[in-house]
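This report describes how the helices and strands of a protein model are arranged. It treats the sheet, then the helix packing, and lastly two individual residues.

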Amino acid sequence: MMLSDVMEDYLKVIYQLQRDREGRIKTSEIAEELDVTSPTVTSMIEKLEDRGLVDREKYRGVVLTDEGETVAIEIVRHHRLLEAYLTEHLDYDWAEVHDEADRLEHHISENFEARVAAALGDPDVDPHGSPIPGADLEPPAAPTGKSITEFDEGTTVVVEEVADHDPEVLSYLADHGVEPGVELEILEVAPFGMVTARATHLDDAVSLPQDVARYVRVAVPTEIEH
């Protein structure tokens with residue numbers, strides 16, 4: 001099936017939104033993620049529906065069909081393998097790779113994908129801790145972690161995943177040792193969403209405003225499974 005880059009972007013965004021919660025995805029949510037207008041989203045959803053890639057219910061939103069999910073998972077696999085390759089073999093910083101992978105993910109062949117995976121040793125996660133779907137394109141297991149804002153003061157957690165959308169946030173977190181696999185002690189959770197934490201291998205605490213903390217998914221150590 002020949003799809004445009006934009007169509008694939010929509011499928012990927014719907015897939016990622018579905019991964020975080022159950023239920024249909026609203027037009028407004030897709031518009032916010034892609035920074036486009038709601039009428040633009042509606043027009044594209046109609047095209048995807050005509051191709052059997054989404055199931056739409058008026059005023060209730062959309063979900064991916066099985067075929068749409070398979071396409072989305074393949075794009076996600078391309079994206080995350082590329083992020084890992086750029087980081088490990090081309091010395092990209094983890095804050096740089098998202099945009100590069102976005103540009104490349106639509107245009108690599110299956111042979112290239114297989115070679116990248118082999119060169120990396122078929123990793124389970126990308127540099128940000130996000131699961132890399134397998135070559136069979138089966139959906140990866142649901143994440144075990146939750147937003148760091150959902151844990152109480154005094155809890156020790158392990159960073160499981162950091163969303164890769166904002167390079168400035170990623171740079172800030174890396175500067176303070178907040179990366180996948182790092183153990184954090186939550187020192188304070190303020191009523192307005194500010195989280196203060198300390199990486200257990202560092203001396204200094206880090207303040208995570210709500211708009212930064214929401215990017216950090218953590219779990220208690222016994223829940224980490226990859």
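Two strands are taken to pair if DSSP finds at least two bridges between them. The model under discussion is predicted, and in it Glu-161 stands opposite Arg-217 in strand S8.

**The sheet**

The sheet is open and consists of 6 strands in the order S3-S8-S4-S5-S6-S7, with antiparallel pairing. Its edges are occupied by strand S3 (146–147) and strand S7 (206–208); each has a single partner strand, so one side of each is left without a neighbour in the sheet. In general, the strands of a sheet pair through backbone hydrogen bonds, in either a parallel or an antiparallel sense.

Strand S4 (residues 156–162) is largely enclosed by the rest of the structure, because 6 of its 7 residues are buried. The bridges that join S4 to S5, S4 to S8 and S5 to S6 are summarised below, each with one pair of opposing residues.

| Strand pair | Bridges and sense | Opposing residues |
|---|---|---|
| S4 and S5 (residues 183–189) | 3 bridges, antiparallel | Thr-156 and Glu-185 |
| S4 and S8 (residues 216–219) | 4 bridges, antiparallel | Glu-161 and Arg-217 |
| S5 and S6 (residues 195–199) | 5 bridges, antiparallel | Glu-188 and Thr-196 |

Helix H7 (residues 167–175) lies across S4, S7 and S8, and runs at about 150° to S7.

**Helix packing**

Two packed helices are described by the angle and the distance between their axes. For helix H1 (residues 5–20) and helix H4 (residues 66–89), the axes come within 8 Å and cross at roughly 95°. Angles of 65 to 115 degrees count as roughly perpendicular, and H1 and H4 are therefore roughly perpendicular to each other. On the H1 side, the contact involves Glu-8, Leu-11, Lys-12, Tyr-15 and Gln-16. These residues meet a set in H4 that includes Gly-68, Glu-69, Ile-73, Val-76 and Arg-80. By residue class, the contact of H1 with H4 divides into 7 nonpolar, 3 polar and 4 charged residues.

Helix H6 (residues 110–120) has Glu-113, Val-116, Ala-117 and Leu-120 as its buried residues. They lie on the same side of H6, because they cover an arc of only 100° around the axis. Arg-115 and Ala-118, on the other side of H6, are exposed. The buried residues of H6 pack against H4. After H6 comes Gly-121, which has a positive phi near 80°.

**Two residues in detail**

Arg-77 belongs to helix H4. Is this residue buried or exposed? The threshold for a buried residue is a relative accessible area under 20%; Arg-77 has a value of 6% and is therefore buried. Apart from neighbours within four places in sequence, Arg-77 is in contact with Glu-113, Ala-117, Ile-132, Pro-133, Gly-134, Ala-135 and Leu-137. Among these contacts, Glu-113 and Ala-117 are buried residues of H6.

Pro-139 is located in the loop between H6 and S3. Its relative accessibility is 41%, so Pro-139 counts as partly exposed. Apart from neighbours within four places in sequence, Pro-139 is in contact with Glu-69 and Ile-73, two of the H4 residues that H1 meets. Tyr-15, one of the H1 residues in that contact, is 124 residues from Pro-139 along the chain, and the C-alpha atoms of Pro-139 and Tyr-15 are separated by 10 Å.

Technical notes: Residues are numbered from 1 along each chain as its sequence is written. This is a predicted model: local features need pLDDT of at least 70, side-chain atom pairs count only at pLDDT 80 or more; totals for chains, interfaces and linings use all residues. Side-chain values use heavy atoms; hydrogens and water are left out. Axes are lines fitted to C-alpha atoms, for helices over the stretch in contact, and angles run from 0 to 180 degrees between N-to-C directions. Angles under 35 degrees count as roughly parallel, over 145 as roughly antiparallel, 65 to 115 as roughly perpendicular and the rest as oblique. Contact means heavy atoms within 4.5 Å. Ala, Val, Leu, Ile, Met, Phe, Trp, Tyr, Cys and Pro count as nonpolar, Asp, Glu, Lys and Arg as charged, and the others, Gly among them, as polar. Buried means under 20% relative accessible area, exposed over 50%, partly exposed in between (1.4 Å probe, protein chains only). The arc is that of the directions from the helix axis to the C-beta atoms.
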